[in-house]
Amino acid sequence: MKKKKILTREDFVKYWANWVRTHPDKEWSRQQNIIIDSQIKSAIEFYRKNRKAREKFLKMIREK
Amino acid sequence: MKVSKGKITLDRELSELDRFVVEFTNLLEQSGIKYVIVSGYVSILFGRARSTEDIDILIEKIEFDRFSAFLEAIKDKYWCLNTDDPKEIYSLMENANARFSRIGQVIPNIELKFPSNMIEETALKNKVKVVLRKRSIFISPLELQIAYKEEALKSKKDLEDALHLREVFKDAIDEKRIEKYKEIIKKIFL
């Protein structure tokens, strides 16, 4: 029986980069934006709803 | 994606992060301030499958009065997360960085600073124009990004960012330039 190759993170990074290189910008960016936009939206919501977390974040920055 | 000397044309759909960056850099340009975007966002702009909460931007060293006028120009849209005092913000820019976000938000934010070493000066001097549909932004040379991530930062995330850029721009990257930048980085940081 043929063994399945386990993909490492490096393999995935190369695979995705190759996909980006060989596909139209609009196509890969639509997929990438699903990740980016959802993360940004949830982070904004998180700090909007969690006053304590927001204050802690600001305190950390101001004490640096 | 089209690559030519000193210019990359990208026909991507803009993400929320891209819109945030374009908006802020437009304000820098309107104030006549030269800037360059460095670090993680550069890989993300070209498709890396991750997001970021902060965007690193270097701006040319300007006098306090000019910087203060810039703060005045952005005050209705952006706030500095570190402090409200313009002199403190300016001082932070010289020694570390100052973070700016849209009013009422903390994320995403721009980490703004003046160049503090030869590598950062080189990034600003040799910036590359990226045409994003009808807009344009300036980024650090790709070779410098790769060299910095592989030689100075070296975290798993940074090495993957560098690998992504190497793969996407495999036909355009100048390996000799990467090595040259790595030698400079070694002299500065090691």
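**View 1. Helices α6(B) and α8(B) cross with a right-handed turn.** Right-handed means that the near helix is turned clockwise from the far one by less than a right angle. This is a predicted model, where local features need pLDDT of at least 70 and side-chain atom pairs count only at pLDDT 80 or more, while totals for chains, interfaces and linings use all residues. Residues are numbered from 1 along each chain as its sequence is written, and chains are lettered from A in the order in which they are written. Helix α6 (residues 142–153) of chain B packs against helix α8 (residues 175–189) of chain B at about 45 degrees, so the two are oblique to each other (neither under 35, over 145, nor 65 to 115 degrees). Their axes, lines fitted to C-alpha atoms over the stretch in contact, lie 8 Å apart.

**View 2. Here are the residues where α6(B) meets α8(B).** Look for Leu144(B), Ile146(B) and Tyr148(B), among others, on α6(B), and for Ile178(B), Tyr181(B) and Phe189(B), among others, on α8(B). Residues are in contact if their C-beta atoms, placed from the backbone, lie within 7 Å.

**View 3. Chain B meets chain A through 25 residues of chain B and 30 residues of chain A.** On the chain B side, α7(B) gives the most, with five residues.

**View 4. Chain A has three helices and zero strands.** Helices (H or I, at least four residues) and strands (E, at least two) are DSSP runs, numbered from the N terminus. The C-alpha trace of chain A spans about 55 × 30 × 25 Å along its principal axes.

Terms used:
Contact = placed C-beta atoms within 7 Å. Axes fitted to C-alpha atoms, helices over the stretch in contact; angles between N-to-C directions.
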